[in-house]
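Please look through the sequence and the coordinates that follow before reading on. The paragraphs after them go from the confidence of the model to its overall form, its interior and its interface.

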Amino acid sequence: MAIEHANHVALSLQEQLPIWLIVIPFITAPLILLLGNKQLAWLLSFVATGISLFISILLSLHLKSGGVISYHIGGWAPPIGIEYRIDATNALILLLISSIGTVVLPYAYKSVNSEINPKHHTLFYACYMLCFTGLMGIVITGDAFNIFVFLEISSLATYVLVAMGAYKDKRALTAAYDYLILGTIGATFFVIGIGFLYMATGTLNLVDLAERISSQGLNRTIRAGFGFIVIGLGLKIAIMPLHLWLPKAYTFAPSAVTVFLSATATKASMYVLLKFLFSIYHPSFAFEENTILIIFMPLAIATMFLASIVAIFQTNLKRMLAYSSIGQIGYLLLGASLMNSMGLTATLVHMFNHGITKALLFMGAGILALKVGKVSYENIAGLGRSMPLTAAAMVVGGLSLIGVPGTAGFISKWLLIQAAFANGWWQISLLIVVSSLLSVVYVWRFIEILYIAPNNKMGTKTEASASMLIPMWILAFACLFFGFFTDLTLGTAQTAAENLLSLPNSVLQTTLGDGS
Amino acid sequence: MTWEFIAGHMNYWLFIVLMLTGLYIVIAKGNLLKKIVGLNVFQVSVFMMYISIGKVTGGTAPIFPYDATGHIKLDSEILYSNPLPHVLILTAIVVGVATTSLGLALVVRIREDYGTIEEDEIVDAEQAIAAKEHEDQEPWLV
């Protein structure tokens, strides 16, 4: 039969890299279950994340100065087929997720041993790999429905991972339940939004969506879709009034899980939100500009302040860090709502920098939790003197969280302040500085308790083992390194911001008529 | 708004009713099991919306026959309906089943550890734990 076949060209190994990034960790998960051995499970996960990290580094070096890699799943060309589309923006986020995913594993081995029911250790690594795959998938894919599928893969795995904290504290179960309810509502809202967009445009490919939305102009369906997508992703990111699941989930999840999630999960959803805000819908649509200025910016500022103030009054280290994470989401949102390329660069750099900073701090909290059980300030008092290496790394993390010059946190906050000035909004810059002062208070509070407060009742503890300290110090050095050498982060983020803001030529020439 | 418009969009009205019913159950009910039921109704409503998009009045399945020369024969007379939303919803149904089963498993575990699946009793139990261990109360502000 003379059926027309698409020309099938065998791809070289190198051209297959994008799919390997997803397939390798994905296959590892069932493999771990089949083998059923804890040590082997750890080794396989480490190898799989390591390979993903290696591929991400290759891709981000390749894309640092611009360009796009488009991979067609099964040889079906977009917009019909699913496309994996990598540019500088998601290469940066992929790099963040895969590097944190790799660094967490050596740390996790000891932490998992003590914090999770021994029966569930193998399952833990399987879920971890699924969560990792899901997060990578959210970021890499160029298909709107595919984002939803990966979002749910990562979320379902996350609920299980959080619930595993029940071995130590049964409140992990209700934390996971709350997260499941809110997370599912969020994902369903997102999929309703995608449905509206599909209804109005007849496509699911993100690039195609952007072109069709701007060529056909806005209508009520597209605007309703925008609302659903923003609320749905807002729940996943934990933007201020939608953040209620986060503190409990981060506090009661096993330490290794918290480290991984705090650095990656909200960032992946944030990336999707940025993609929708700036690439698919365009900020020059009046309704979107109003949404950003009237809703996002006040929320971002409120998040920065309220969450930081609540963090100051916490007496549990993990819960304090969870609230500080919410506060940092405020900075991410603020950078995006400044709507200039510098603000967007600041958001992207801060996603990366805050990822490594918060992972470092939660690692410290996890090490302390291993020694004293619950990381209330009462229990950890004075441990800085007997565990100098752990505490010193945490100080580095704390400084980066505040944004002291010489640390990664400074770079992103400095950019954010500059971006606000670029818009002529000096008041915003002032607010950023003031909210950073709030973080000085909560960071100083735990540093003081670690070093200066009298010893806790449980007496001194010995220093943590090397398998936990090394990952922690890798992140600590990364915090310092990216505070001095900003080529990789800043350079990529600048290209990335331009990518997000640029539209296909056909789009720019069309007058952006809106139906409002 | 004419009667034809209202009756012709019956699927969409039902979608809205089901969606809001589901969401209301999730928010208003204190029983963890009932919340899962509400979540299910909410998710199913979305399936309904997607499948409604795929339906074209008078449309038929998009199966293209080959003509004698082996080329796809397209008949512009025939109206084809779009199969893609159905396929998407197959995936979403699988996701929904996974979410429900995981939610139910969590409810079982909560019942084992707390002895109740009523939200207010669980909150009381957790406050008792927090008070015993001198933890902070949940901040009222955020």
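**Confidence, fold and interface**

Over residues 504-516 of chain A, pLDDT stays under 50, and for this stretch the model has 25 contacts beyond four places in sequence. The structure is a predicted model, and the other end of the chain calls for similar care, since residues 1-6 of chain A also keep a pLDDT under 50, here with 4 contacts beyond four places in sequence. Where pLDDT is low, the predicted coordinates should not be read in detail. For chain A as a whole, the average pLDDT is 88, and 95% of the residues score at least 70.

Turning to the overall form, chain A contains 21 helices and 2 strands. Its radius of gyration is 22 Å, close to the 24 Å that the globule rule gives for 516 residues, so chain A is as compact as a globular protein of that length. Taken along the principal axes, the box filled by the C-alpha atoms of chain A is roughly 75 × 60 × 40 Å. Of the contacts in chain A between residues at least 6 apart in sequence, 81% join residues at least 24 apart, and 61% of the 516 residues count as buried.

The interior can be followed through the largest nonpolar core, which has 221 residues and in which A:Val162, A:Ala176 and A:Leu475 have the most contacts. Helix H6 of chain A gives the most to this core, with 20 residues. One of the three residues named, A:Leu475, is in contact with A:Val103, A:Ile356, A:Ala359, A:Leu360 and A:Met363, once its neighbours within four places in sequence are left aside. An α-helix has 3.6 residues a turn, so residues three or four places apart point the same way.

Helix H5 of chain A, which covers residues 144-163, is mostly covered, with 20 of its 20 residues buried. From its first C-alpha to its last, H5(A) reaches 29 Å, close to the 28 Å expected at 1.5 Å a residue.

A contrasting environment is found in helix H18 of chain A, residues 426-451, where A:Leu430 is placed. Because A:Leu430 has 12 C-beta neighbours inside 10 Å, this residue counts as exposed. The C-alpha atom of A:Leu430 is separated by 9.4 Å from that of A:Ala420, which is 10 residues away along the chain.

How many residues of each chain take part in the interface between chain A and chain B? On the side of chain A there are 34 residues, in contact with 31 residues of chain B. The elements that give two or more residues to this side of chain A are helix H5, helix H6 (171-201) and helix H11 (286-312), and the largest share, 15 residues, comes from H6(A). By residue type, this side of chain A divides into 24 nonpolar, 7 polar and 3 charged residues.

On the partner chain, B:Gly103 lies in helix H4 of chain B, residues 84-114, and counts as buried because it has 23 C-beta neighbours inside 10 Å. Not counting residues up to four places away in sequence, B:Gly103 touches B:Ile36 and B:Leu39 together with A:Leu180. Between the C-alpha atoms of B:Gly103 and B:Ile117, which are 14 residues apart along the chain, the separation is 12 Å.

Definitions and conventions. Residues are numbered from 1 along each chain as its sequence is written. Chains are lettered from A and ligands numbered from 1 in the order in which they are written. This is a predicted model: local features need pLDDT of at least 70, side-chain atom pairs count only at pLDDT 80 or more; totals for chains, interfaces and linings use all residues. Two residues are in contact if their C-beta atoms, placed from the backbone, lie within 7 Å. Helices (H or I, at least four residues) and strands (E, at least two) are DSSP runs, numbered from the N terminus. Ala, Val, Leu, Ile, Met, Phe, Trp, Tyr, Cys and Pro count as nonpolar, Asp, Glu, Lys and Arg as charged, and the others, Gly among them, as polar. pLDDT is the predictor's confidence in each residue, from 0 to 100. The radius of gyration is taken over C-alpha atoms; the globule rule is 2.2 Å times the number of residues to the power 0.38. A nonpolar core is a set of buried Ala, Val, Leu, Ile, Met, Phe, Trp, Tyr and Cys residues joined through C-beta atoms within 7 Å. The expected span of a helix is 1.5 Å times one less than its number of residues.
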